[in-house]
Amino acid sequence: MLEAAADLFATRGYAATSINDISARSGRTSGAVYFHYTNKEGVALAVVRDRFADWGHLRSRYTARDVCPLENLVGLSFAVAGSLAEDPVARAGARLWAERATIAAPLPDPFGAWTFGATRLLARARQRGTLSPGVSPARTAPALVRAFYGVSVLTAPLDAHEDAGSGRGEGRRRGQIVAERLYEWWRLVLPALYVRRGDPGLLERAARAATEPDHPLAEHA
């Protein structure tokens, strides 16, 4: 039921989706929907909470102490980007967050947890001597999270528009487009974060480690 609602929210938006639509898409009665959720706002809140507001299921994979913290940070970004590109529930959460002014319920803010996690990884990189001396973890993490989110959410629509005009749009997968742009973004950002003796292969390793063999981002990594 939640995935049916998420698919509708992701493709149609919140205002254009009704409880009857969710009922029809999920194969459940409207009564069954109301049994689990008080109203449409409740469904939207559940979607946002499920895979957009809390990335704990991904963060736990990138806390290994024997791996460079910056490599963990990059790897986590590819994993989250893959989820936002390919997971309909995560995509719906992002769209609902963008449309939160139209939803009569407070939605959880996902950026606090992201920023906290990024700050910890940057601080750990500072302790290991791999973070450039002029970089402040507390000030840098919010900027990284906001820029990364923009790359992840805006890339596919913008590239799809460009590709349609150039005739290259057929068959390009959303995840692959996001992976390409995220890779380019990190190539610009990492030199500002990493000390001069930084490992030039970090980006490639992190991107590869963040993707499973059957994941669309693995094609780029």
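Accessible areas here come from the Shrake-Rupley method with a 1.4 Å probe, and for residues only the protein chains shown count as cover. This is a predicted model, in which local features need pLDDT of at least 70, side-chain atom pairs count only at pLDDT 80 or more, and totals for chains, interfaces and linings use all residues. Residues are numbered from 1 along each chain as its sequence is written, and side-chain values use heavy atoms, with hydrogens and water left out.

**Exercise 1. Describe the overall fold and surface.**

Step 1. Take the elements, which are DSSP runs numbered from the N terminus (helices: H or I, at least four residues; strands: E, at least two). The protein has eleven helices and zero strands.

Step 2. Turn to the surface. The accessible surface is about 11100 Å², and carbon and sulfur atoms hold 53% of it.

Step 3. Count burial (buried: under 20% relative accessible area; exposed: over 50%; partly exposed: in between; 1.4 Å probe, protein chains only). Of the 221 residues, 48% are buried.

Step 4. Check the contacts (heavy atoms within 4.5 Å). Of those between residues at least 6 apart in sequence, 67% join residues at least 24 apart.

**Exercise 2. Decide where the model deserves caution.**

Step 1. Use pLDDT, the predictor's confidence in each residue, from 0 to 100. Its mean over the protein is 82, and 83% of residues reach 70 or more.

Step 2. Compare elements. Helix H2 (residues 19-26) has the highest mean pLDDT, 93, and helix H5 (residues 56-59) the lowest, 66.

Step 3. Find the weak stretches. Residues 161-172 stay under 50, with eight contacts beyond four places in sequence. Residues 213-221 are also below 50, and this stretch has 22 contacts beyond near neighbours in sequence.

Step 4. Apply the rule. Where pLDDT is low, the predicted coordinates should not be read in detail.

**Exercise 3. Work out how H7 starts and how it packs against H6.**

Step 1. Look at the N-terminal end of H7. Asp 87 caps it, with a side-chain oxygen 2.9 Å from the backbone nitrogen of Val 89.

Step 2. List the buried positions. In H7 (residues 88-98) they are Val 89, Ala 90, Ala 92, Gly 93, Ala 94, Leu 96 and Trp 97.

Step 3. Read the geometry. Axes are lines fitted to C-alpha atoms, for helices over the stretch in contact, and angles run from 0 to 180 degrees between N-to-C directions. Helix H6 (residues 69-86) and H7 pack at about 85°, with axes 5 Å apart. H6 is therefore roughly perpendicular to H7 (under 35 degrees is roughly parallel, over 145 roughly antiparallel, 65 to 115 roughly perpendicular, the rest oblique).

Step 4. Name the contact residues. H6 supplies Ser 83, Leu 84, Ala 85 and Glu 86; H7 supplies Pro 88, Ala 90, Arg 91 and Ala 94.

**Exercise 4. Place Thr 17 and Ala 4 in their surroundings.**

Step 1. Locate Thr 17. This residue sits in the loop between helix H1 (2-12) and H2. Thr 17 is buried, at 2% relative accessible area.

Step 2. Find its partners. A polar side-chain atom of Thr 17 lies 2.8 Å from the backbone oxygen of Gly 13. Beyond four places in sequence, Thr 17 contacts Leu 8, Phe 9, Arg 12, Ile 22 and Lys 40.

Step 3. Move to Ala 4, in H1. Ala 4 is buried, at 12% relative accessibility. Not counting residues up to four places away, Ala 4 touches Arg 25 and Ser 26.

Methods: Polar contact = N/O pair within 3.5 Å; in protein donor to acceptor, adjacent residues only side chain to side chain.
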